Structures are given as C-alpha cells and as structure tokens.
Amino acid sequence: WKSVWRHWQREVTKRMVTTRRQSMGMAAAKAKASPKKATAKATPKKKASSKTVSWSDTAGTGVQEGGFFRSLGALLLLLSTPPFTLALWSIFVQHGGSATNFALHLSDRKNWKPFLYSLPTLSWEATYYIAAFGAFQAALQLLVPGKEFVGPVSPKGNRPVYKANGVESYLITLVAFFACWKYTSFEPARVYDQFGEMLNALNIFGNVLCLFLTVKGYYFPSSTDSGSTGSFLFDYFWGTELYPRIGKHFDIKQWTNCRMGLMGWSVLPLCFMAKQLEQTGTIANSMLICVILMNVYVFKFFLWETGYFCTMDIAHDRAGFYICWGCLVWVPSVYTSPALHLVHHPTELSTPVAAAIAGLGLLMIYINWAADEQRKIFRATGGKAKVWGREPKYIKATYKTAKGQTKTSLLLLSGWWGIARHFHYVPEILSSFFWTAPALFDHVMPYFYVIFLTILLFDRAFRDDARCAAKYGKYWDAYKKQVPYLFFPGF
C-alpha cells in the first residue's frame, strides 16, 4: 500500500506539473500574439482575490480557494457522515426516535460493547435489494424512451445531452413495486428489517464508486470539464469530473442523483408503510400523509427533471463523495427518516388537522414546482412566454467560456423570480416541514431533515450567488439591484 500510495503521489504531481506548464505555454503564446498586453502584464501585480477568478477558469470545480482548511473540512465530512447514517438508524429503530435516549445509552461505557454488537453488519438479502434496484433503474434510464434534452453550456463550453424519461421511469417503478408485492414473494416490510444492512452496503458501494470516479477523472475523463484541484483528498470529496459517463449514453450523475437517490426516496417510505401495516394491521393517517406528500414531491421532481439538469447539482457540482455518496447513502438515510420514525409511532390525527397538513404540504410542493417550471419555460422559449399573464422582464446577460466563446443567458425579473433570487427554496423547506409534521413534536430527530435542508439550501443560495457573480459580472450586479432579496422580501 505504501508503494501504491507513493506511485499515486508521483502521478498526481506529474499531472499538476504538466498542467502548469501547459498553462504557462498558453499564457506565453497569448503574450507573444499581443505585445501591448504583455507589456502591461510585466508590471508587478497583486495577488488576485477569489472575486477576480473567471467563471470559466473554475472548469466546474466550484472551488477557488481554501487550501488546508478546505481539505480539512472535506476530511471531517468523509469521516463523520458514514457513521452518522448508522447512528441515525439506531436512534429511530433502537431508541424510539429519541436522541436523548441514544446519548444517555452511550454515556455509560458498559453499553458500548453491546451497542456495537447490536449494529447491523452486511447481508446477502440487503445487497440483493440494492443490486436489483440499481440494475433496474439503470435499465430504465437507458431503455425507456424519452425526449432528448441538451444541458446548459459548461465552463469549458460543452453541452451534455440527456434522455428525459424520468416520469415514465417513476411510474414504471411504482407499478413494478406493487406488482412484486402482490404477485411475488417480495415483502416490502423486509426492506425495513434490512435497512441497517442496506445502509452498510450502500456506504461501501458509495465509497468504491467515488474512488472509481476519482481515478476515471484523472485518466479517462468523459469531457474537458475535468481535472485535479491539486489535492487527492479534496478530489475524492468534490470529484474530478463534471459529467462522468460510461460509454456515450449512461450518465453516472443522473443515475446516482435521479434514479438511485430520488427514486429510492419514493420507494423506501412505501416499505416503511408496509412495515407499519404488518405490525399493527392498519396504516395510520399520519404515515399515509407523510408517504403521499413525499411521493408527490418526487413525482414533481421528475416532471421538472430537465430543469434539474440545469441546476448546481448537475451543472456546477462535480461527481464525487459530496454529490454521489450523498445521493446513494445520505438521501435514503436522512430524507426518508420522518417515515422511518412513524413506523413505531402510528399516530391518528384528527380529520381537520390531517386535512390542514396535507393541504398545506401539497400547496408548498405546487408553489415550488410552479417557480421552477416558470423559469424552465421562460428559458426554453427565449423569454417569449408570458409570466403571470404579462410580458416578462429580464436582463440579457453575456459570459465567456474557457474556449473564449461568448454565450447569452436571460435573467428573469418577473413572477416568482421577481420576489427573491431563491424564493423557490422557501416552499421547498416548508413542504419538508409538512410531511414531517404528522410525527408531531414529541421528538426533535424527525425534524433533522428539515434542519439539514434549511442549512443546505442557505449554503447553496450563497454559493450560487458567488458563481453567478463570477459568471455574469456586471449583469449579475444589475440583477441584484432589481431583485435585492435572497430568499424573501425583507430578508
């Protein structure tokens, strides 16, 4: 292992030196072609700040500075998040959803050894569920017909092409799920019984996939939107490619994010509901509301899937631990946790309370979809579609790719996007609150996803603002003057 590690370090160093020499050669060629600019550049210059870094220079890394502390933060997340998913499972399955009981149990050292022995390991059954589901989703992604969708221009000037068949794949998945439940020996409640073992298997597979993606980005990238940040640790965490593919048509991020992550999010709560039915002989309306709202949200996502191909997750964040492991492990562990909690808390809500929670949840999901769909149609029609019955207001912004090509984007100032720059995050956070609300308020852990989502979307909003400022420059400044608020008016 030491010799392998030394060889790896030598290879990475060679690549960094080669890249640096190529950059210096290109800079020298430009200076020779324009002597006036070369003279100006010969004067001493100050160290550039992160604000002066060109959007195209980042090549989709989304990373401009940070050094040691950036890698330290990545290391902390790499070491803490996998065991946290098992801790979360233990809180909901072994300690009734109480973080206090979990902490008190571990505060006594006598309980440490029994606790470790009580944790799930690996099983062939859990591995089979994951392999079968993953293969089925890969087949749907490749074989189900769908319209061709061309993604946004990347920092290096590439435009990835996708097959938009998310809605069809979602409906086929649900039909297959209920058909297997009715006509085969498959028991969805067993997924709940094996959920801890499934998390272990997903953790192993997720990390192996991230290692594969890191190496692939170094030696066999699918596009020019790839490369090293100079740190193997951070490359593993953040990724080395923006659009990794196997062959020409199988997009790995579409599979991990949309098919495994989101499709799994729709099916797992149904399995947890089946477990409650097995235990109690009935399904509480609290569980029913939670599962229905989650599935409506996932269906909304697939209706808007082509819009998702233009978001930060796909068009900006690279395929590494942050995105791919997150969708493979963090999503099934954290996003489904309200339904996991309700398995052993079959609360029957009064009709008015149940109707209010369900109605408000559906309203928030609709507003979130309407905002995303409004911008998607506006972009697809080149700004010609009316917004709320009126001609839209927008700013025509230009930017440059790494190849020097000038491209144009339209920044919408009307409709939901005139309220605030990221107003659509507000109904998304509220929708997560309403599908968690059936758990009531005896424990805080069912609301962990709501808290996490709020932090995630706040961080994403600020990162997106920084990316757009680097990409659009003066046009983004003009846009912010027209739409000064980040989330909602007054904030």
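Me: Hi! Is Lys-275 buried or exposed?
Reply: Lys-275 counts as buried, because its relative accessibility is 8% and the cut-off for buried is under 20%. Keep in mind that this is a predicted model.

Me: OK, so which side chain does Lys-275 meet in a salt bridge?
Reply: That would be the side chain of Asp-193, with 2.9 Å from N to O. Asp-193 sits in helix H8 (residues 189–193) and Lys-275 in helix H11 (residues 252–280), so their pairing ties together parts that lie 82 residues apart in sequence.

Me: Why would two side chains like that pair up?
Reply: Side chains that carry opposite charges can pair when their charged atoms come close.

Me: And Asp-193, how much of that one is accessible?
Reply: Asp-193 has a relative accessible area of 31%, so it is classed as partly exposed.

Me: How many salt bridges does the structure hold?
Reply: There are 13 salt bridges in the structure.

Me: Can you walk me through another one? What does Arg-460 meet?
Reply: Sure! The side chain of Arg-460 forms a salt bridge with that of Asp-313, at 3.0 Å from N to O. Arg-460 belongs to helix H20 (residues 448–472) and Asp-313 to helix H14 (residues 312–315), so this pair links parts that are 147 residues apart in sequence.

Me: Are Arg-460 and Asp-313 buried or exposed?
Reply: Arg-460 is buried, with a relative accessible area of 15%. Asp-313 is buried too, at 8%.

Me: What about Asp-465, who's the partner there?
Reply: Asp-465 meets Arg-421 in a salt bridge of 2.8 Å, N to O. Asp-465 is in helix H20, while Arg-421 is in the loop between helix H18 (416–419) and helix H19 (425–436), so the two tie together parts 44 residues apart in sequence. Asp-465 counts as buried at 10% relative accessibility, and Arg-421 counts as buried at 7%.

Me: Which residues do salt bridges with shared partners join into one network?
Reply: Glu-125, Arg-190, Asp-193, Lys-275 and Glu-278. You've already met Asp-193 and Lys-275, which pair with each other.

Me: New topic: the surface. Which residues make the nonpolar patch?
Reply: Phe-68, Phe-69, Leu-72, Leu-75, Leu-76 and Leu-79 make a patch of about 650 Å². As for Phe-68, you'll find it in helix H3 (residues 67–94), and at 60% relative accessibility Phe-68 counts as exposed.

Me: Now backbone angles. What's unusual about Trp-388?
Reply: Trp-388 is not a glycine, yet it has a positive phi of about 50°. You can find Trp-388 in the loop between helix H17 (351–380) and strand E5 (394–400). At 52% relative accessibility, Trp-388 counts as exposed.

Me: And what's the phi of Leu-440?
Reply: Leu-440 has a positive phi of about 60°, although it isn't a glycine either. Leu-440 lies in the loop between H19 and H20 and is partly exposed, with a relative accessible area of 29%.

Me: Last one: in which sense do E5 and E6 pair, parallel or antiparallel?
Reply: E5 and strand E6 (residues 406–412) pair in the antiparallel sense, over seven bridges. Take Tyr-399 as an example: its bridge partner in E6 is Lys-407.

Me: How many residues are between the strands in that hairpin?
Reply: Five residues, and Gly-404 in this hairpin takes a positive phi near 85°.

Terms used
Residues numbered from 1 in each chain as written. Predicted model: local features only at pLDDT ≥ 70, side-chain atom pairs only at ≥ 80, totals over all residues. Heavy atoms only, no water. Patch = residues over 30% accessible without salt bridge, like charges linked within 9 Å, V, L, I, M, F, W, Y side chains within 5 Å. Areas by Shrake-Rupley, 256 points an atom, 1.4 Å probe, with all protein chains shown as cover. Salt bridge = Lys/Arg side-chain N within 4 Å of Asp/Glu carboxyl O. Helix = DSSP H or I, 4+ residues; strand = E, 2+ residues; numbered from the N terminus. Buried < 20%, exposed > 50% of the residue type's maximum accessible area, 1.4 Å probe, protein only. Pairing = 2+ DSSP bridges.
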